[in-house]
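Student: I've just opened this one and I'm new to it. Could you walk me through a few spots?

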Amino acid sequence: MAYNANNLSVLAHNNNGFTLWHYVTTDTGAAVDAGGYFNKAAKKLRSGDMIMANVDAAGSLRSGILTVTAIEDDRVDVHRMTC
């Protein structure tokens, strides 16, 4: 499966330029953490943002946290803290 813009929503935003996002998918944590998964969201995301993710883990949803580490030339890099 691939990134779905309809599944990314803002949980919290502050004036310091930080946004906490929520994303849900039937993709695995490893797929979501793979390079380029969030590239289509490059215009929304910023380095330092965090994404609370609900991902598939052997047929059931599992929660995790990703942090956006860099955005360059519409390429989004994330680091999987948990998932």
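**A buried aspartate and the core**

Tutor: Sure, and keep in mind that this is a predicted model. Let's begin with aspartate 49, which touches Gly17, Phe18, Thr19, Trp21, Lys44, Leu66, Thr67 and Val68, leaving out residues up to four places away in sequence.

Student: Where is the place of aspartate 49?

Tutor: Look past helix H1 (29-33) and stop before strand E3 (50-57). Aspartate 49 sits in the loop between H1 and E3.

Student: Which side chain of opposite charge is nearest to aspartate 49, and how far away is it?

Tutor: Aspartate 49 is buried, yet it has no salt bridge. A salt bridge needs the charged atoms within 4 Å. The nearest candidate is arginine 46, at 4.3 Å.

Student: Then which side chain shares a polar contact with aspartate 49?

Tutor: One reach of the aspartate 49 side chain is to a backbone nitrogen, that of threonine 19, at 3.1 Å. The side-chain partner, also at 3.1 Å, is tryptophan 21.

Student: Is phenylalanine 18 buried or partly exposed, and why?

Tutor: Phenylalanine 18 lies in the loop between strand E1 (8-13) and E2. Buried would mean under 20% relative accessible area, and exposed over 50%. Phenylalanine 18 has 29% relative accessibility, so it counts as partly exposed.

Student: Which element gives the most to the largest nonpolar core?

Tutor: That core has 17 residues, and Phe38, Leu45 and Ile51 touch the most other members. Strands E2 (19-28), E3, E4 (60-72) and E5 (75-82) each give two or more residues. The top contributor, with 3 residues, is E3.

Methods
Residues are numbered from 1 along each chain as its sequence is written. This is a predicted model: local features need pLDDT of at least 70, side-chain atom pairs count only at pLDDT 80 or more; totals for chains, interfaces and linings use all residues. Side-chain values use heavy atoms; hydrogens and water are left out. Helices (H or I, at least four residues) and strands (E, at least two) are DSSP runs, numbered from the N terminus. Buried means under 20% relative accessible area, exposed over 50%, partly exposed in between (1.4 Å probe, protein chains only). Lys and Arg count as positive and Asp and Glu as negative; His and the chain ends are not counted. A polar contact is a pair of N or O atoms within 3.5 Å; within protein, one must be able to donate a hydrogen and the other to accept it, and residues adjacent in sequence count only if both atoms are side-chain atoms. Contact means heavy atoms within 4.5 Å. A nonpolar core is a set of buried Ala, Val, Leu, Ile, Met, Phe, Trp, Tyr and Cys residues joined through side-chain atoms within 4.5 Å.
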